[in-house]
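These are my notebook entries on a structure that I consulted for charge, ring contacts and salt bridges.

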Amino acid sequence: MIQTGFCISKNMKAVALGFTILATSTPATLNAQQTVGIFIGQQSAFDVASVRPSTLRRLRFYSEKARAALADIAKADNLTGTTGEELAVTSTANLRKAIEKLIDAGIKAKLDLEQTSAFFVMDLRQNYTGQLPFIVFNEAGELDTSQLFQGVYDARASITASEDADYLAYVNNLGNEAVSGNTPKPEQPTERAAATPKEEPQRDPAIQAYWDRLTERNGKRFIRVEQGDTLATYAAAFYGDSLRYRKIYNANTDVMESPNVLTVGDAIEIPR
């Protein structure tokens with residue numbers, strides 16, 4: 001098994017990650033530790049030696065693509081105006097695509113989502129230098145991409161299901177037209193059922209905690225910033241996808257200078 005050790009240094013604008021590879025005989029998890037005020041943790045480990053070389057090359061290829069997109073996102077988050085927004089849109093789309101491909105490569109390698117995410121964390125530690133955007137950190141400030149990967153996976157699954165439903169409806173409609181000799185049936189009057197109130201979805205307690213903090217004013221939703229909050233955690237909680245954090249930022253540019261900085265006590269609008 002592989003355990004990743006590392007050191008961390010920080011200046012005002014960059015976080016640099018170094019690394020050391022240590023061989024261990026059992027699966028290991030590196031305990032979260034604090035260095036210069038930044039927490040770094042490690043997700044579940046897996047046996048790299050069990051992955052076929054061709055599949056490992058695929059994992060590394062798309063991981064490199066994701067690293068490049070992360071660097072562009074970090075750059076975009078430090079820019080303002082149209083330039084920053086255009087770069088953010090492009091780099092976010094590139095990161096989403098790279099993670100989707102990375103997840104597919106993980107499936108071929110018989111890795112679950114958490115293990116593929118852990119592979120990316122290991123790759124970041126070994127090969128990434130420069131500023132890391134906040135979307136790869138969890139609420140505790142630890143380097144952790146599981147929430148990011150889960151959001152990308154869920155978003156794609158939702159889109160795929162929608163596309164499948166559209167296709168099935170199209171096929172069924174073709175079948176109906178063939179049976180009826182392509183003659184459209186006249187619409188029949190139907191009785192509308194009385195509207196029933198929607199049931200609140202069952203959410204994970206950690207996610208529900210964010211929903212419980214929402215307040216509403218003039219038809220808009222707001223959340224009061226607490227220690228440890230990020231736009232990524234808001235996006236994950238309210239949209240199920242941390243990469244949609246720019247939607248929140250764009251609605252709050254009057255109170256935020258950068259997506260990376262939240263001020264405790266500020267009221268942040270959460271667009272619907």
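Which residues gather in a patch of positive charge on the surface? I looked this up in the model, which is a predicted one. The patch brings together Arg 58, Lys 65, Lys 97, Lys 101 and Lys 108. I noted that the elements giving two or more residues to it are α1 (53–77) and α2 (81–108). Helix α2 supplies the largest share, three residues. I then checked Lys 97, which lies in helix α2. Its relative accessibility is 54%, so Lys 97 counts as exposed, the cut-off being over 50%.

Entry on aromatic pairs. I searched the whole structure and found six aromatic pairs. In one of them, the ring centres of Phe 120 and Phe 149 are 5.8 Å apart, and the pair is tilted because the planes stand at 45 degrees. Phe 120 belongs to helix α3 (residues 113–127) and Phe 149 to helix α4 (residues 146–179), so this pair ties together parts 29 residues apart in sequence. I recorded both Phe 120 and Phe 149 as buried.

I next examined Tyr 210 and Tyr 234, an edge-to-face pair with 6.1 Å from centre to centre and 80 degrees between the planes. Tyr 210 sits in helix α5 (residues 205–212) and Tyr 234 in helix α6 (residues 231–239), 24 residues apart, and the pair links these distant parts of the chain. Tyr 210 is buried at a relative accessible area of 8%, and Tyr 234 is buried at 0%. I also noted that ring pairs link Tyr 210, Trp 211, Tyr 234 and Phe 238 into a cluster.

Entry on salt bridges. How many salt bridges does the count come to? I arrived at eight. One of them joins the side chains of Glu 85 and Arg 246 at 2.8 Å, N to O. This pair connects helix α2, where Glu 85 lies, with helix α7 (residues 245–250), where Arg 246 lies, 161 residues apart. Is Arg 246 buried or exposed? I found Arg 246 buried, with a relative accessible area of 9%, whereas Glu 85 is partly exposed at 23%.

Asp 241 and Arg 96 also meet in a salt bridge, again with 2.8 Å from N to O. Asp 241 is in the loop between α6 and α7, and Arg 96 is in helix α2, 145 residues apart. I noted Asp 241 as buried, at 4% relative accessibility.

My last look-up was the salt bridge between Arg 156 and Asp 104, at 2.9 Å, N to O. Here helix α4 holds Arg 156 and helix α2 holds Asp 104, 52 residues apart. Arg 156 is partly exposed at 23%, and Asp 104 is partly exposed at 28%. I closed by recording that salt bridges with shared partners join Asp 77, Glu 85 and Arg 246 into one network.

How values were computed:
Residues are numbered from 1 along each chain as its sequence is written. This is a predicted model: local features need pLDDT of at least 70, side-chain atom pairs count only at pLDDT 80 or more; totals for chains, interfaces and linings use all residues. Side-chain values use heavy atoms; hydrogens and water are left out. Patches are made of residues with over 30% relative accessible area and no salt bridge: like charges are joined within 9 Å, nonpolar side chains (Val, Leu, Ile, Met, Phe, Trp, Tyr) within 5 Å. Accessible areas come from the Shrake-Rupley method with a 1.4 Å probe; for residues, only the protein chains shown count as cover. A salt bridge is a side-chain nitrogen of Lys or Arg within 4 Å of a carboxyl oxygen of Asp or Glu. Lys and Arg count as positive and Asp and Glu as negative; His and the chain ends are not counted. The place of a charge is taken as NZ of Lys, CZ of Arg, CG of Asp or CD of Glu. Helices (H or I, at least four residues) and strands (E, at least two) are DSSP runs, numbered from the N terminus. Buried means under 20% relative accessible area, exposed over 50%, partly exposed in between (1.4 Å probe, protein chains only). Rings of Phe, Tyr and Trp (its six-membered ring) pair if their centres lie within 6.5 Å; planes under 30 degrees apart count as stacked, over 60 as edge-to-face and the rest as tilted.
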